[in-house]
Amino acid sequence: MINESIFEDIKQINGYLGVGISQYTGELLLFDKENESINLEETAVIFNDLFRSSHSLSKKLSLGRTEIMEISTEKSKILMACSGEDSSVHIHAFAIFKNDGNVALAKMILPKIIKISVDELS
């Protein structure tokens, strides 16, 4: 079973606000957050809906599967990654950073979190 140590690398990134892993249905499996005002439990469901819509759209457009998405807001950057719909365990991971956070580094670490999670949940 996965535990919070899986998040240690991403938590060290400048601008980190939160991270979570959920089943593709939206059920949050594990999360960490810097600030209690961020409701990751509720937003995980919304993130999953966005990702599932992206899966559907990319298939309809014959663009292949959605692997990672980035959303930029006025105050933050949100990254979402997928293990793959054909993976032994279909999960999504998401991370939230301040606008000036090191999102480039997070983009390298988030897929590693996905891989370790799939390995441990399989």
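**Two helices and what they pack against**

In this predicted model, the cover over the buried residues of α3 includes α1 (8–11) along with the strands β1, β3, β4 and β5. The residues tucked away under that cover are Val-103, Ala-106, Ile-109, Leu-110, Ile-113, Ile-114, Ser-117 and Val-118. Helix α3 itself runs over residues 103–121, 19 residues in total. From its first C-alpha to its last, α3 reaches 26 Å, close to the 27 Å expected at 1.5 Å a residue.

Helix α2 takes up residues 40–60 and has 21 residues. Its span, first C-alpha to last, comes out at 30 Å, close to the expected 30 Å. The list of buried residues here reads Leu-40, Ala-44, Phe-47, Asn-48, Phe-51, Ser-54, His-55 and Ser-58. These sit on the same side of α2, because they cover an arc of only 125° around the axis. Behind such patterns is a bit of plain helix geometry: with 3.6 residues a turn, residues three or four places apart point the same way. Flip to the other side of α2, and Glu-42 and Lys-60 turn up exposed.

As for partners, the buried residues of α2 pack against five strands' worth of neighbours, namely β1 (16–23), β2 (28–33), β3 (68–72), β4 (76–82) and β5 (91–98).

The two ends of α2 also deserve a quick look. At its start, Asn-39 points a side-chain oxygen to within 3.3 Å of the backbone nitrogen of Glu-41. Past the far end comes Ser-62, which follows α2 and has a positive phi, near 55°.

Note on methods
Residues numbered from 1 in each chain as written. Predicted model: local features only at pLDDT ≥ 70, side-chain atom pairs only at ≥ 80, totals over all residues. Heavy atoms only, no water. Helix = DSSP H or I, 4+ residues; strand = E, 2+ residues; numbered from the N terminus. Expected span 1.5 Å × (residues − 1). Buried < 20%, exposed > 50% of the residue type's maximum accessible area, 1.4 Å probe, protein only. Arc of directions from axis to C-beta. Contact = heavy atoms within 4.5 Å. Polar contact = N/O pair within 3.5 Å; in protein donor to acceptor, adjacent residues only side chain to side chain.
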